[in-house]
Amino acid sequence: MGIQKPKGAATLETEGREEDPRSIQMVEMAVGGSTVDVVDDPYSDRVRCDHPATRDEAQLAEALRGVADELGRHRVVTFVDESLRDGLEDAGFEVEGVMPGFYRGASDCVVMGWADEPDRIRPADPEGAALTDRVLRAKSDTPGLHAVVDTEQAAVSDASDIAEILGETFEAYPTPSSDPEYVANQIEDGVPFRVIREGDDLVACASADLVRDARTAELTDCATRPTHRGRGLMQTILNDLMDDLRRADFPTAFTLARASVPGINVAFQRLGFEYRGRMARSCRIGSGLEDMNIWSRWL
Ligand SMILES: CC(C)(COP(=O)(O)OP(=O)(O)OC[C@H]1O[C@@H](n2cnc3c(N)ncnc32)[C@H](O)[C@@H]1OP(=O)(O)O)[C@@H](O)C(=O)NCCC(=O)NCCS
């Protein structure tokens with residue numbers, strides 16, 4: 001769910017964008033002698049820049065604001081190595097979260113944000129997030145007791161069922177995950193998906209979107225059929241995905257969870273993830289631009 005992987009690099013030219021409103025475009029920028037990739041994400045009215053390979057924070061900040069302005073986007077999100085934190089703060093970016101050991105277990109990732117006006121970065125649903133926080137506190141010392149169920153690693157033949165459950169679960173979603181071909185391509189690309197079936201029915205799924213260079217993964221695409229919620233199915237799937245990542249020698253995993261949905265935050269807390277911060281009004285999911293909680297853990 002994090003962000004759709006661009007099919008290829010493009011320039012600021014936006015002609016030829018596909019019909020899907022979630023189509024994203026890669027923009028290449030020269031920053032301090034390095035090339036930095038930026039994703040134009042009109043669906044969530046933002047540009048996102050993951051892991052820029054530059055040491056020139058002032059130029060990076062200026063370039064990101066410039067490209068957002070040129071594309072008509074009002075928010076910037078960037079995931080950077082901890083070494084860029086101070087310089088970006090000096091240039092007006094705010095720290096939204098910090099994930100320890102994100103880069104190959106060796107250095108932290110700082111999630112930093114900027115918006116061209118305060119309303120664009122104002123929490124979308126503070127009451128909903130506060131309710132989630134209360135649920136998390138109340139559940140923090142209680143055991144989660146659920147029956148053991150088997151999960152299956154998904155094959156390409158599961159793609160249409162996965163696309164169907166994701167399409168039915170989310171009114172809006174940042175990636176075209178209700179498209180069976182998109183899901184099939186991800187599975188073919190080696191993205192681990194796990195599912196639970198009851199008979200022939202797929203009742204829950206999630207995936208681990210690999211950030212291969214950093215040797216970490218975003219646990220995402222979490223959906224359980226309404227009839228099957230609250231039985232620990234998502235926790236079982238996520239637990240097995242974590243084992244998949246351990247087998248691949250990944251030192252950490254993370255997730256971006258909807259701040260106003262208690263269940264998904266409880267599931268990650270139960271699995272030993274730690275709350276790392278919140279990205280206000282970051283991503284279009286569910287019914288609109290939502291606040292996303294950042295969680296991560298060592299594996
Ligand atoms: C979020 C979701 C995937 C959780 O799936 P699930 O299979 O029900 O999850 P689990 O049962 O493993 O864990 C959920 C936990 O939250 C608890 N929970 C859920 N809603 C809750 C609420 N409103 N208040 C308190 N606890 C709640 C459940 O009881 C369970 O805790 P437990 O271990 O104490 O029993 C499912 O609700 C869903 O598909 N929601 C819609 C899609 C969505 O928002 N996905 C997340 C995108 S970031």
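## A partly exposed arginine, and the two domains around it

Let's start with R215, which counts as partly exposed because it has 19 C-beta neighbours inside 10 Å. The model here is a predicted one. R215 sits in the loop that links β10 (201–211) to β11. Although R215 is not a glycine, its phi is positive, at about 55°.

R215 has a counterpart in H51, another non-glycine residue with a positive phi, this one about 60°. You'll find H51 in the loop between β4 and α1. H51 counts as partly exposed because 16 C-beta neighbours lie inside 10 Å.

A155 makes a useful contrast. A155 belongs to the loop between β8 (152–153) and α4 (159–169). Why is A155 called exposed? Because just 12 other C-beta atoms lie within 10 Å of A155, and a residue with 12 or fewer is exposed. From A155 to W298 is 143 residues along the sequence and 27 Å in space, C-alpha to C-alpha.

Here are the three loop residues together:

| Residue | C-beta atoms within 10 Å | Class |
|---|---|---|
| R215 | 19 neighbours | partly exposed |
| H51 | 16 neighbours | partly exposed |
| A155 | 12 neighbours | exposed |

**The two domains**

Stepping back, the protein splits into domain 1 (9–121) and domain 2 (126–298). Their C-alpha centres are 24 Å apart. Where they touch, domain 1 puts in 19 residues and domain 2 puts in 22 residues. On the domain 1 side, β6 (94–103) and β7 (107–115) each bring at least two residues to the contact. The top contributor on that side is β6, with 7 residues. By class, the domain 1 side of the contact comes out as 8 nonpolar, 6 polar and 5 charged residues.

**Around β5**

Strand β5 (residues 75–81) is mostly covered, with 6 of its 7 residues buried. β5 runs parallel to strand β4 (residues 46–50), and 4 bridges join the two. Within that pairing, V77 of β5 stands opposite R48. Put helix α1 (residues 57–71) together with β4 and β5 and you have a right-handed β-α-β unit. β5 also pairs with β7, this time in the antiparallel sense, over 7 bridges. Here R75 has A115 of β7 as its bridge partner.

**Around β12**

Over to β12, where 7 of 7 residues are buried. How do the side chains of a regular strand usually lie? They alternate between the two faces of the sheet. In β12, T252, F254, L256 and R258 point one way, while A253, T255 and A257 point the other, and all are buried. Its antiparallel partner is strand β14 (residues 288–298), with 7 bridges between the pair. One of the bridge partnerships matches A253 with R297 in β14.

**The ligand shell**

β12 turns up again at the ligand. It is one of the elements that give two or more residues to the ligand's shell, alongside α3 (126–139), β11 (216–224), α6 (233–247) and α7 (262–270). How many residues surround the ligand? The count is 24, and the closest are G144, R229, M234, G263 and V266. Which element gives the largest share of the shell? That's α7, with 6 residues. Sorted by class, the shell holds 12 nonpolar, 7 polar and 5 charged residues.

Technical notes. Residues are numbered from 1 along each chain as its sequence is written. This is a predicted model: local features need pLDDT of at least 70, side-chain atom pairs count only at pLDDT 80 or more; totals for chains, interfaces and linings use all residues. Domain bounds come from an automatic or database domain assignment. Two residues are in contact if their C-beta atoms, placed from the backbone, lie within 7 Å. Ala, Val, Leu, Ile, Met, Phe, Trp, Tyr, Cys and Pro count as nonpolar, Asp, Glu, Lys and Arg as charged, and the others, Gly among them, as polar. A residue is near a molecule or strand if its C-beta atom, placed from the backbone, lies within 6 Å of it. A residue is buried if 20 or more other C-beta atoms lie within 10 Å of its own, exposed if 12 or fewer, and partly exposed in between; C-beta atoms are placed from the backbone. Two strands pair if DSSP finds at least two bridges between them. A crossover is right-handed if, with the strands pointing away from the viewer, the path from the first strand over the helix to the second runs clockwise.
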